[in-house]
Amino acid sequence: MKIAIDGPAGAGKSTIARLLARRLGIIYIDTGAMYRTLTLKALRQGIDLNNENELYQLILHTDIDFFYNGEEQKVLCDGEDVTEDIRKPEITAHVSRVASFPRVRKIMVERQKRMADKVSVVMDGRDIGECVLPDADYKFFLTASIEERAERRRRELIAQGYDIDLDRLKEEIKKRDEADASREVGALKILEDSIVIDTSHMSIEEVVDNMMKIIGEK
Ligand code: C5P
């Protein structure tokens, strides 16, 4: 079974995708973590984030792996655990730029397709239904109001020790959504066969129950 989940920043995709995968007993793949990992490595190496060729060379020489330690999923960059580092605001601020380059996306999409080739997966991102799993059994598009998404992001950041003003977060989220929706390749969009769920007034459990119901009905 292949399940694609796309949607804007802060719509709850990763939490929901993880829970859904657990309920179905299948693997969860967080594709945003892959773009974040490349961004982290590029920043550490002082690579110009506007230079597509350098980023392309970098991704060719970067191993990105997921590893489940029995409790949570870890992200490894060339064997190093970067799970926490890739969530830092500095990475979030630059990731859409890195993800905007077609040659970088091509490599990422190829790797993601390979990961989903032989196993059942729930995969979340921006271009999953369109580019990575065009034949997915289900294509969900999760969204929520900008207020709700900024609130959720703020709670996440507070848990990480950052206190960022809500209006600033709203602006950042809007900017990232615009960048993700307007790029040439792999743009965020609702597809003809997307099942749209507005999670603004729903709990995580309600959303997952709703998705399980849709999967059970088909
Ligand atoms: O899902 P998350 O917010 O961690 O994704 C971070 C960024 O990675 C997105 O804002 C987007 O620019 C990029 N991304 C992408 N395609 C995907 C997943 C994420 O371009 N499939």
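Two strands are taken to pair if DSSP finds at least two bridges between them. In this predicted model, strand β3 and strand β4, the latter made of residues 73–77, satisfy that condition, for they pair in the antiparallel sense over five bridges. Within this pairing, Phe66 stands opposite Val75 in β4. Strands of a sheet pair through backbone hydrogen bonds, and the arrangement may be either parallel or antiparallel.

The pairing of β3 with β4 belongs to an open sheet of three strands, which follow one another in the order β3-β4-β5 with antiparallel pairing. The edges of the sheet are occupied by β3 (64–68) and β5 (80–81), and because each of these has a single partner strand, one side of each is left without a neighbour in the sheet.

According to the UniProt annotation, taken from an unreviewed entry, residues 3–215 are covered by "domain: Cytidylate kinase". Over residues 3–215 the chain is 50% helix and 16% strand, while the C-alpha atoms at the two ends are 10 Å apart.

Among the helices, α2 (residues 31–44) takes part in a contact with α5 (residues 102–115), in which the two axes come within 11 Å and cross at roughly 140 degrees. Angles over 145 degrees count as roughly antiparallel and those from 65 to 115 as roughly perpendicular, and α2 and α5 are therefore oblique to each other. The crossing in which α2 passes α5 is right-handed. On the side of α2 the contact is made by Thr31, Met34, Tyr35 and Leu38, which meet Val104, Arg105, Met108, Arg111, Gln112 and Met115 in α5. By character, the residues of this contact between α2 and α5 divide into six nonpolar, two polar and two charged.

Helix α2 also packs against helix α3 (residues 52–60), here at an angle of about 110 degrees and with the axes 10 Å apart. That angle makes α2 roughly perpendicular to α3, and the crossing in which α2 passes α3 is right-handed. The residues of α2 that take part are Leu38, Lys41 and Ala42, which meet Leu55, Leu58 and Ile59 in α3. The contact of α2 with α3 comprises five nonpolar residues, no polar residue and one charged residue. Leu38 in α2 thus appears in both contacts, meeting residues of α5 as well as residues of α3.

How values were computed: Residues numbered from 1 in each chain as written. Predicted model: local features only at pLDDT ≥ 70, side-chain atom pairs only at ≥ 80, totals over all residues. Heavy atoms only, no water. Helix = DSSP H or I, 4+ residues; strand = E, 2+ residues; numbered from the N terminus. UniProt positions renumbered as here; feature names shortened; annotations may be inferred. Axes fitted to C-alpha atoms, helices over the stretch in contact; angles between N-to-C directions. Parallel < 35°, antiparallel > 145°, perpendicular 65-115°, else oblique. Left-handed = near helix turned anticlockwise from the far one by under 90°. Contact = heavy atoms within 4.5 Å. Nonpolar A, V, L, I, M, F, W, Y, C, P; charged D, E, K, R; others polar.
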